[in-house]
Amino acid sequence: MAASLKERLEEEIKVYSEENNLTVQTMDFLYAGPHMRARHSLILVFTEAGMFTFVFKLSDAEMHFLDAKTIQQISLAKKKLVYQLHIRAVTEDGEIEEGKYLVSKRVFGRKWHKETLQKLINKNIQLLSAE
């Protein structure tokens, strides 16, 4: 039986983590995209070690890793039809880099997307109330 997309990405993260001495026990997956038409072109995976980004090009996924130590802020803003996810991090050169993604409220057949979105919403509410 062929592995699901999520299972294949989990395996890539496990291999990368082992090769780079990272501890990853939880993986929270979320579909996102730079604009409305392509909001399913990325999968973001939040872990205790950092954030993994999978960019899809045809059938291949290109993986990028952002170390948790470099992430300064993750926030979520509710828009009319989607959420806007804003991530700010520091690059190796000490520069501030920002990413903005659009996130659907639901993705059919992907329960893990909704679960991760709810975790981000809950964290965002806690962050806002702490300020």
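How many bridges join E5 to strand E6, and in which sense do the two strands run? There are 7 bridges between E5 and strand E6, the latter covering residues 82–90, and the two run antiparallel. Before I go further, please keep in mind that what we are looking at is a predicted model.

Let me stay with that part of the structure for a moment. One of the pairings you can look up yourselves is that of Ile71, whose bridge partner in E6 is Ala89. The sheet they belong to is an open one built from 3 strands, in the order E5-E6-E7, with antiparallel pairing. At its edges stand strand E5, residues 71–78, and strand E7, residues 96–104, each of which pairs on one side only. From one strand to the next, the twist in this sheet averages 15 degrees.

Now to the other sheet, which is also described as open, and in which 4 strands follow the order E1-E2-E3-E4, again with antiparallel pairing. Here E1 and strand E4, residues 60–67, have a single partner strand each, so one side of each is left without a neighbour in the sheet. Ignoring direction, neighbouring strands of this sheet are turned against each other by 20 degrees on average. If we look at the pairing of E1 with strand E2, residues 42–46, we find 5 bridges in the antiparallel sense, and for Ala32 the bridge partner in E2 is Leu42. Across E1, E2, strand E3 (50–57) and E4 lies helix H1, made of residues 5–19, which runs at about 130 degrees to E3.

I would like to spend the next minute on a residue of E1, namely Asp28, which sits in the strand spanning residues 28–32. Is Asp28 buried or exposed? Its relative accessible area is 18%, and because the limit for buried is under 20%, Asp28 counts as buried. Leaving aside residues up to four places away in sequence, Asp28 touches Leu44, Val45, Phe46, Thr116 and Lys119.

The last of these contacts deserves a closer look. The side chains of Lys119 and Asp28 meet in a salt bridge, with 2.8 Å from N to O. Since Lys119 lies in helix H2, residues 111–130, and Asp28 in strand E1, this pair ties together parts that are 91 residues apart in sequence. A polar contact of 2.8 Å is also listed between the side chains of Asp28 and Lys119. While Asp28 is buried, Lys119 counts as partly exposed, at 43% relative accessibility. As a general remark, side chains of opposite charge can pair when their charged atoms come close.

How many salt bridges does a search of the whole structure find? The search finds 4, and I will mention two further examples. Within helix H2, Glu115 and Lys111 are 4 residues apart, which means that about one helical turn separates them, and their side chains meet in a salt bridge at 3.6 Å, N to O. Of this pair, Glu115 is partly exposed, with a relative accessible area of 41%, whereas Lys111, at 62%, is exposed.

The other example is formed by Lys69 and Asp67, whose closest N and O atoms are 3.9 Å apart. Lys69 is exposed, with a relative accessible area of 76%, while Asp67, at 23% relative accessibility, counts as partly exposed.

How values were computed. Residues numbered from 1 in each chain as written. Predicted model: local features only at pLDDT ≥ 70, side-chain atom pairs only at ≥ 80, totals over all residues. Heavy atoms only, no water. Buried < 20%, exposed > 50% of the residue type's maximum accessible area, 1.4 Å probe, protein only. Polar contact = N/O pair within 3.5 Å; in protein donor to acceptor, adjacent residues only side chain to side chain. Contact = heavy atoms within 4.5 Å. Pairing = 2+ DSSP bridges. Axes fitted to C-alpha atoms, helices over the stretch in contact; angles between N-to-C directions.
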